[in-house]
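Please open the model in your viewer and keep the sequence panel beside it. The stops below each begin with a selection and then say what is to be found there.

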Amino acid sequence: MKSIAIIPARGGSVGIPNKNIINLNGKPMIYYALRACYDVVEIDHVVVTTDSDKIASIVSQLFPQTIIVKRPASLSGNTVTSEDALLHCIKEIDKSIDNVDNIVFVQATSPLTNSSDLSRMVKTLSVHDSVAFYIDDYGFFFDYHDMTSPRTPRQLRNPLKRECGNAWAFDKKGFLSNKSRLFGKVGLCRIEHPREVEIDEIEDIATVSCLMSKL
């Protein structure tokens, strides 16, 4: 089974300018996603889809073997979905790489994801159509719990499974048909805190930087 990793990295970002290549502990943030992908033996090729010549240049300097897919301006706006970018990227990849079976969609904004996490995810595809990471959440939810009842001690609660934004994996043909990252028989891979932490706001940079120094 041939698997490729795709890392979307558009140049525009409202919350944090140039977020995908901000300095994070001495390296561009996208470095950590790339490094994790290259350390997974089940991943055959690593692809970055971007509209930014600057990001493409930095990626090529960091890992020259990375395949760069240039994303058109029509797929680079704030309202464009990841699925739209992935569909375009897969179409371009199919022109040069034969017999791709699985796609691993990896987010650069989750730099604590490690190669063992991604390896487990790819292996889970052997018996599932698509796979997501999750973390056990022991919190209370207003739309789910009776918030007026006495609180059950944490150790007696059944946690909810909260989807994490680190990565997803799926069968390529199924994705092209469903146009959604999760479909069919969905597998779940548990990820350990704090590896699920994402960088969305400027304050998250300091948090992740500190976590990196301690992991």
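Bear in mind throughout that this is a predicted model. Begin with the residues around the largest pocket, whose lining divides into six nonpolar, ten polar and six charged residues. The lining comprises 22 residues, and to find the middle of the pocket you can select P8, R10, K19, S82 and Q107, which lie nearest its centre. The volume of this pocket is about 490 Å³.

Next, select residues 30-38, which form helix α1, a mostly covered element in which seven of the nine residues are buried. Showing side chains here brings up the buried set, namely I30, Y31, Y32, A33, L34, A36 and C37.

Move on to residues 45-50, strand β4, and colour them together with residues 67-70, strand β5; the two strands run parallel and are joined by four bridges. If you want one pairing to centre the view on, take V48, whose bridge partner in β5 is I68. Now add residues 53-62, helix α2, to the selection, and you have a β-α-β unit made of β4, α2 and β5, which is right-handed.

From there, go to residues 130-137, strand β7, and pick out Y134 within that strand. Is Y134 buried or exposed? With a relative accessibility of 12%, Y134 counts as buried. Add E163 to the view and draw a line between the two C-alpha atoms: although Y134 and E163 are 29 residues apart in sequence, these atoms are 4.4 Å apart in space.

The last stop concerns the cysteines, so display their sulfur atoms and ask how many disulfides the model contains. The count comes to zero, with a disulfide taken as a pair of cysteine sulfur atoms within 2.5 Å. C164 is in no disulfide, and the nearest cysteine sulfur to its own, that of C189, is 11 Å away. C164 is also buried, having a relative accessible area of 2%.

Finally, select C210 and ask why its sulfur forms no bond with that of C164. The closest cysteine sulfur to that of C210 is the one in C164, and because the two are 20 Å apart, they are too far from each other for a bond. In its surroundings C210 is partly exposed, with a relative accessible area of 39%, whereas C164 is buried.

Note on methods. Residues are numbered from 1 along each chain as its sequence is written. This is a predicted model: local features need pLDDT of at least 70, side-chain atom pairs count only at pLDDT 80 or more; totals for chains, interfaces and linings use all residues. Side-chain values use heavy atoms; hydrogens and water are left out. On a 1 Å grid over the protein atoms alone, a cavity is a set of points where a 1.4 Å probe fits but cannot get out, and a pocket is an open set with protein on both sides within 12 Å along at least five of seven lines; lining residues have an atom within 4 Å of a point. Grid points are joined across faces, edges and corners, and a volume is the space filled by probe spheres set on the points. Ala, Val, Leu, Ile, Met, Phe, Trp, Tyr, Cys and Pro count as nonpolar, Asp, Glu, Lys and Arg as charged, and the others, Gly among them, as polar. Buried means under 20% relative accessible area, exposed over 50%, partly exposed in between (1.4 Å probe, protein chains only). Two strands pair if DSSP finds at least two bridges between them. A crossover is right-handed if, with the strands pointing away from the viewer, the path from the first strand over the helix to the second runs clockwise.
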